[in-house]
Protein chains: 2
Amino acid sequence: MPNPTAAMLVIGDEILSGRTRDANMYHLAGELARHGIDLAEVRIVSDRREAIVAAVNDLRATYDHLFTCGGIGPTHDDITADAIAAAFGLALHIRADARDILAAHYARSGLELNAARLRMARIPGDAVLIDNPLSSAPGFSLGNVHVMAGVPDIFAAMVAGLLPRLTGGTPLLSQTLRILRGEGEIAGPLAELAADYAALAIGSYPFVKDGVYGANIVIRGQDKALVDQAMTRLARLFPDSQL
Amino acid sequence: MPNPTAAMLVIGDEILSGRTRDANMYHLAGELARHGIDLAEVRIVSDRREAIVAAVNDLRATYDHLFTCGGIGPTHDDITADAIAAAFGLALHIRADARDILAAHYARSGLELNAARLRMARIPGDAVLIDNPLSSAPGFSLGNVHVMAGVPDIFAAMVAGLLPRLTGGTPLLSQTLRILRGEGEIAGPLAELAADYAALAIGSYPFVKDGVYGANIVIRGQDKALVDQAMTRLARLFPDSQL
């Protein structure tokens, strides 16, 4: 059975404006590979409601899962819950279970559960809450859309809580051979290898370091014996140029 | 006149599989902001021809510019030029000007211009070449689609050569105030400020550091006087909690 497929939607101007370098994409991609869910596409859109709604409806229809990050805090630019509700044609109200979680958290902290913070208890429909062990305000899963926070520590904690709930597949295994030769030298034999192992994904990622050309050849697949076999053949093809 | 808009398409399994952390997106986003081109969306797709063609045709129709990175090297998994040609309904042949550039480069290096390397001289239609001062194999601009390499140093060099050719707009200015208070405390006044300065984008980016909650409030806009004015008002709102 093929692995479930997934897309990720990153919501926020901070990456598009060049202010912030992504961390969540990198984290989720690794976690999904280990869990056997194939991440097939990522989109980053700005904090505009129409852009979020369009991307959510496109991606949730195309993939088995959609993971979003960003835009579920208490400030005016946090519009993800509104956009998700709109995408599903649902109303967005404060839900008692989410409010209780926030009330308990702020009571412990001695802080007021004011109107801004109560916005974080707005959960659409019968969405299942995603636990936030750091700052309590929950994410949620609505159908196949999993809505999480953008702060990297909180995002990672939510992913850790969510993934065990999702049926995974076979983890994607990956082996890398670093070859100190230009891609143009290795392309021919590499293409033959790739043709012989059509069930594997063989990628070549070139680099230039201190004026020296090289490439990391990555062999990915679900069948460990097959990955090992292809890697053995690859290593024999270029015995003198490996790092 | 509003700034030109842009999207970026990152092509490559290495980011989706969690192997590589993006660098090109972060670089391009910053360069475009300085050049006055508004980056509105980024997509990352895998090395599958149909996925690339669909994304290219969607994004080039939606935005003034589309910048792609990745997949233009000599190996079997470099299929971007093929996909771009297919998206435009063009054939893909070796073009003399590109072949001459490669021939001169490999002659200087004492390396053979073999079949794999010649693949990098395949340029669709009347595309304008994008200079590659590092390893010579050119990128190209076809209509509003700018096709560049994925190796970060080469990508950055291509962007530096390309951007002066593109009409920019007003650079996006940005000022940040770091506030050591939870977002829930500042959300109310911040929403009022955002409503009063509708021409600016005011974003709140929360963080948790050593158990302390804070937020970076970023004010972005094209009018320096207006950004200054809003920032002055913001700083007066939270005089005691700035870092």
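**A buried helix and a shared strand pairing**

In this predicted model, helix α3 of chain A sits under a cover that includes strands β1 (5-11), β2 (38-45), β3 (65-69) and β8 (145-148) of chain A, along with helix α4 (80-88) of chain A; these are among the elements that cover the buried residues of α3(A). The helix itself runs over residues 49-62 of chain A and has 14 residues. From its first C-alpha to its last, α3(A) reaches 20 Å, close to the 20 Å expected at 1.5 Å a residue.

Which residues of α3(A) are buried? They turn out to be A:I52, A:A55, A:V56, A:L59 and A:R60. These residues end up on the same side of α3(A) because they cover an arc of only 115 degrees around the axis. Look at the face turned away from that buried side, and the exposed residues A:E50, A:A61 and A:T62 come into view.

Stepping back to the whole of chain A, there are nine helices and eleven strands. The C-alpha atoms of the chain fill a box of roughly 65 × 40 × 35 Å, taken along the principal axes. Chain A has 243 residues, and 47% of them count as buried. Contacts often reach across the sequence: among those between residues at least 6 apart, 67% join residues at least 24 apart. The chain is divided into two parts, with domain 1 taking in residues 5-165 and domain 2 residues 173-237. Between the C-alpha centres of these two domains of chain A lie 37 Å.

Then there is the partner, chain B. Here 52 residues of chain A are in contact with 52 residues of chain B. On the chain A side, the elements that give two or more residues are helices α1 (13-16), α2 (24-35), α6 (115-118) and α8 (183-196), plus strands β2, β10 (201-209) and β11 (212-221). As for the make-up of that side of chain A, its residues divide into 26 nonpolar, 14 polar and twelve charged.

Strand β2 of chain A deserves a second look. Besides being among the elements that cover the buried residues of α3(A), β2(A) pairs with strand β2 (residues 38-45) of chain B. How many bridges does this pairing run over, and is its sense parallel or antiparallel? There are five bridges, and the sense is antiparallel. Within this pairing, A:R43 stands opposite B:R43 in β2(B).

Note on methods:
Residues are numbered from 1 along each chain as its sequence is written. Chains are lettered from A and ligands numbered from 1 in the order in which they are written. This is a predicted model: local features need pLDDT of at least 70, side-chain atom pairs count only at pLDDT 80 or more; totals for chains, interfaces and linings use all residues. Helices (H or I, at least four residues) and strands (E, at least two) are DSSP runs, numbered from the N terminus. The expected span of a helix is 1.5 Å times one less than its number of residues. A residue is buried if 20 or more other C-beta atoms lie within 10 Å of its own, exposed if 12 or fewer, and partly exposed in between; C-beta atoms are placed from the backbone. The arc is that of the directions from the helix axis to the C-beta atoms. Two residues are in contact if their C-beta atoms, placed from the backbone, lie within 7 Å. Domain bounds come from an automatic or database domain assignment. Ala, Val, Leu, Ile, Met, Phe, Trp, Tyr, Cys and Pro count as nonpolar, Asp, Glu, Lys and Arg as charged, and the others, Gly among them, as polar. Two strands pair if DSSP finds at least two bridges between them.
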